[in-house]
Amino acid sequence: ENGIVRPKGYQVSWHSNPEIEKHHFGHAHPMKPWRLTLAKGLIMSYGMHAAMDTYVSRLATREELEDFHSEDYLDYLKTAKVAMPDDETPKDYNLGGSDCPIFEGLFNYCSMYAGASIDAARKLCNNESDIAINWSGGLHHAKKAEASGFCYVNDIVLAILQLLRKHPRVLYIDIDVHHGDGVEEAFWSTDRVMTLSMHKYDGLNFFPGTGDLDRTGPDNEGNPGAHHAINVPLSDGIDDDQYVWLFKTIVGKCVEKFQPTAIVLQCGADSLAGDRLGRFNVQVQGHGACVAFCKSLNIPLLLVGGGGYTPRNVARAWAHETSIAIGCDATLDPIIPEHTPYREHFRHNTLFPTLEQILGEPRVNRNTKKKVEDIVSTITEQLRFVNS
Ligand code: TV1
Ligand code: CA
Ligand code: ZN
């Protein structure tokens, strides 16, 4: 049915839990866990679940969360009460402001998306899957003892810590439109994790305000983590051609130099054109080409979600990327199946809407050819300091 075939001996595991999707950050908040319901509906209407090992994820345990987060922060996160509606001031641990509200079931929500990423990492460690997927994860801003930018628990850091039990070197790649600051900071002082984030950068004018090109890690003497943080700062309007060229060129060089034994790819869908918070002109095809390139490296791969604030485009991207993971993308009908749940949300009935269909007026591309070429030469220089 639908041409979905599972290649022999090739395993994809899918970790999700419908409980996660039921949480609400508040009616005006851009982060809508419901987008996961829309994505799952699309993935299942294509029959892709039949080609994966599917797991209903469980809550991360207290001990697992303590692998990264401080005990006092976890205590506060667990007991924090829903604030008064008119109270907009961020409280302790940056909890309770407008970005990171305290909502009903918050601790369950965090424990559940973290449990899914940890399970996914363990599948890779045990060689029980080649690609493991958790679209509910990818919350890259959370710190050891602080919530930040819609993120409370850093499931990516927890998953990488699991991978490091078996894997000598992990490459973390982040294509969310925002800088992956929490993951970068967590592994700032080790040479066993290289972090690479592509993001919109405009100083403090775009959240979180970090991730400039020359920020490659602490270069105080003898620090093993020096030069292992790679940042690709971009301007508004970058298109598929530039984005995919940068991705393949830079990831290719990082893999050659660093020789990772596992890769974690954060697939934040707010880098897509038409995103409510994003600034880029990247399309579902270009976003997916990044996933396809990582898959082609034949290194154990963990795919997590992240940002993505226009639910129909998030669903399109993550469904397309699931098909790439499985290997059925070439035979998938780009016309969204008639029986897809909430099909009315997809204003255009294709997985690959054109820029004209997505945007009213196109966003001007502020990235010159020279700028993207200069980024590559600077990073090539930086990587000369990395030995595998
Ligand atoms: C409530 C209601 C919260 C409407 C937040 C956009 C809202 C934003 C809202 C918003 C919004 C941000 C900041 C400013 C820091 C603040 C999942 C000094 C229309 C991974 C997180 C972006 C991105 C945080 C998360 C950012 C991720 N942008 N409407 N908040 N203060 N916060 O700029 O990387 O995608 O915007
Ligand atoms: Ca990023
Ligand atoms: Zn983002």
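The following conversation looks at two metal sites and a pair of helices in a predicted model.

Reader: What makes Asp174, Asp176, His178, Ser197 and Met198 count as donor residues of the calcium ion (ligand 2)?

Author: The calcium ion (ligand 2) is coordinated by Asp174 (O), Asp174 (OD), Asp176 (O), His178 (O), Ser197 (OG) and Met198 (O), at 2.5 to 3.0 Å. For calcium, an N, O or S atom is a donor if it lies within 3.2 Å of the metal, and the distances given here satisfy that cut-off, so these atoms are counted as donors.

Reader: Why is the site of the calcium ion (ligand 2) called irregular?

Author: Its six donor atoms make angles of 69 to 165°. Six donors count as octahedral if opposite donors are over 155 degrees apart and all others between 65 and 115, and anything else is irregular. The site of the calcium ion (ligand 2) is classed as irregular. As for the chain, Asp174 in strand β4 (residues 170-174) and Ser197 in strand β5 (residues 193-200) are 23 residues apart, and this pair links distant parts of the chain.

Reader: How do you know which atoms coordinate the zinc ion (ligand 3)?

Author: Asp176 (OD), His178 (ND1) and Asp270 (OD) lie at 1.9 to 2.0 Å from the zinc ion (ligand 3), and the cut-off for this metal is 2.8 Å, so the three atoms are donors.

Reader: Why can Asp176 and Asp270 be said to tie together parts of the chain?

Author: Asp176 lies in the loop between β4 and α7 (181-186), whereas Asp270 lies in the loop between β7 (262-266) and α9 (284-296), so the pair joins parts that are 94 residues apart in sequence. Both Asp176 and Asp270 are buried.

Reader: Why are helices α5 and α6 called roughly parallel?

Author: The axes of α5 (residues 106-125) and α6 (residues 155-166) come within 8 Å and cross at roughly 20°. Angles under 35 degrees count as roughly parallel, and therefore the two helices are described in that way. Their crossing is right-handed. Among the residues of α5 that meet α6 are Tyr113, Ile118 and Leu124, and on the side of α6 the meeting residues include Leu158, Gln162 and Lys166.

Reader: What makes Gln162 buried or exposed?

Author: Gln162, which is found in helix α6, has a relative accessible area of 3%. Buried means under 20%, so Gln162 is buried. Leaving aside residues up to four places away in sequence, Gln162 touches Asp67, Ile118, Ala121, Arg122 and Cys125.

Key: Residues numbered from 1 in each chain as written. Chains lettered and ligands numbered in written order. Predicted model: local features only at pLDDT ≥ 70, side-chain atom pairs only at ≥ 80, totals over all residues. Heavy atoms only, no water. Tetrahedral: all angles 85-135°; square planar, octahedral: opposite > 155°, others 65-115°. Helix = DSSP H or I, 4+ residues; strand = E, 2+ residues; numbered from the N terminus. Axes fitted to C-alpha atoms, helices over the stretch in contact; angles between N-to-C directions. Parallel < 35°, antiparallel > 145°, perpendicular 65-115°, else oblique. Left-handed = near helix turned anticlockwise from the far one by under 90°. Contact = heavy atoms within 4.5 Å. Buried < 20%, exposed > 50% of the residue type's maximum accessible area, 1.4 Å probe, protein only.
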